[in-house]
Amino acid sequence: MADAQYDPDNIFAKILRGEIPCHRAYEDADTLAFMDVMPQGEGHTLVIPKAPSRGLLDADPAALASLMASVQTVARAVKAAFEADGLTVFQFNEPAGGQTVFHLHIHVIPRFEGVPLKRHEGGMADNAVLAEHAARIRAALEAGR
Ligand code: AMP
């Protein structure tokens with residue numbers, strides 16, 4: 001079977017074009033980070049490249065380099081903003097790999113001793129809570145944390 005192609009109408013492409021809203025935590029020329037609407041833990045953030053790719057395998061290595069730099073920036077800010085004990089960072093490829101949105105994205109989730117992750121695609125979080133979490137991350141970034 002041929003490899004699946006990038007669909008420019010996927011939900012993260014729509015977020016990048018400003019067609020649907022997101023709770024923005026960080027943005028630079030190449031990447032965007034925003035709150036996951038169905039968080040697996042408090043502060044669950046997604047970091048995406050602006051360049052189109054379905055997943056890891058079809059991404060331009062230069063886009064991966066800027067993406068991982070942003071993941072590190074966001075991970076530091078998320079850890080500080082939520083006073084987390086640790087972080088879980090993960091990425092899925094294709095339905096068999098657990099992927100549900102087909103624009104490359106890296107999950108960054110603050111972790112706390114003894115607190116398990118909630119299940120993937122669990123409940124929708126409250127908008128006001130997500131807005132406050134995004135603001136907390138932006139404040140940590142502004143404070144250089
Ligand atoms: P994955 O299984 O890695 O493709 O995960 C996709 C993630 O995107 C899931 O954790 C969803 O909760 C999240 N998600 C789906 N739609 C949106 C959206 N409009 N804004 C933010 N996160 C979303």
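## Pockets and ligand at a glance

In this predicted model, the second largest pocket is lined by Asp 3, Ala 4, Gln 5, Tyr 6, Arg 54, Gly 55, Leu 56, Leu 57, Asp 58, Asn 93, Glu 94 and Gln 99. The ligand, however, sits in the largest pocket. Here is a quick tour of both pockets, with the ligand's surroundings in between.

**The second largest pocket**

- This pocket holds about 230 Å³ of space.
- Its lining splits by class into four nonpolar, four polar and four charged residues.
- Among the charged residues in this lining are Asp 3, Arg 54, Asp 58 and Glu 94.

**Around the ligand**

- Which residues come closest to the ligand? They are Asp 36, Thr 100, His 105, His 107 and His 120, out of 18 residues that surround the ligand.
- Sorted by class, this shell has 10 nonpolar residues, six polar ones and two charged ones.
- Looking at polar contacts, the side chain of His 107 places an N or O atom 2.7 Å from an oxygen atom of the ligand.
- The backbone takes part as well: a backbone N or O atom of Gly 98 is 2.8 Å from a ligand oxygen atom.
- Val 37 also contributes through its backbone, with an N or O atom 3.3 Å from a nitrogen atom of the ligand.
- How much of the ligand's accessible area does the protein cover? On its own the ligand has 510 Å² of accessible area, and the protein covers 93% of that.
- Two elements give two or more residues to the shell, namely α1 (11–16) and β2 (31–35).
- Of these, α1 provides the largest share of the shell, three residues.

**The largest pocket**

- About 440 Å³ of space lies in this pocket, the one where the ligand sits.
- Which residues lie nearest the centre of the largest pocket? Ile 11, Phe 12, Asp 36, Val 37 and Met 38 do, within a lining of 23 residues.
- Two of these central residues also turn up in the ligand's surroundings: Asp 36 is listed among the closest to the ligand, and Val 37 makes the backbone contact to a ligand nitrogen atom.
- By class, the lining of the largest pocket comprises 13 nonpolar, eight polar and two charged residues.
- At least two lining residues come from each of α1 and β2.
- The element that gives the most to this lining is α1, with three residues.

Notes. Residues are numbered from 1 along each chain as its sequence is written. This is a predicted model: local features need pLDDT of at least 70, side-chain atom pairs count only at pLDDT 80 or more; totals for chains, interfaces and linings use all residues. Side-chain values use heavy atoms; hydrogens and water are left out. A residue is near a molecule or strand if one of its heavy atoms lies within 4 Å of it. A polar contact is a pair of N or O atoms within 3.5 Å; within protein, one must be able to donate a hydrogen and the other to accept it, and residues adjacent in sequence count only if both atoms are side-chain atoms. Accessible areas come from the Shrake-Rupley method with a 1.4 Å probe; for residues, only the protein chains shown count as cover. On a 1 Å grid over the protein atoms alone, a cavity is a set of points where a 1.4 Å probe fits but cannot get out, and a pocket is an open set with protein on both sides within 12 Å along at least five of seven lines; lining residues have an atom within 4 Å of a point. A molecule sits in a cavity or pocket if more than half of its atoms lie within 2 Å of its grid points. Helices (H or I, at least four residues) and strands (E, at least two) are DSSP runs, numbered from the N terminus. Grid points are joined across faces, edges and corners, and a volume is the space filled by probe spheres set on the points.
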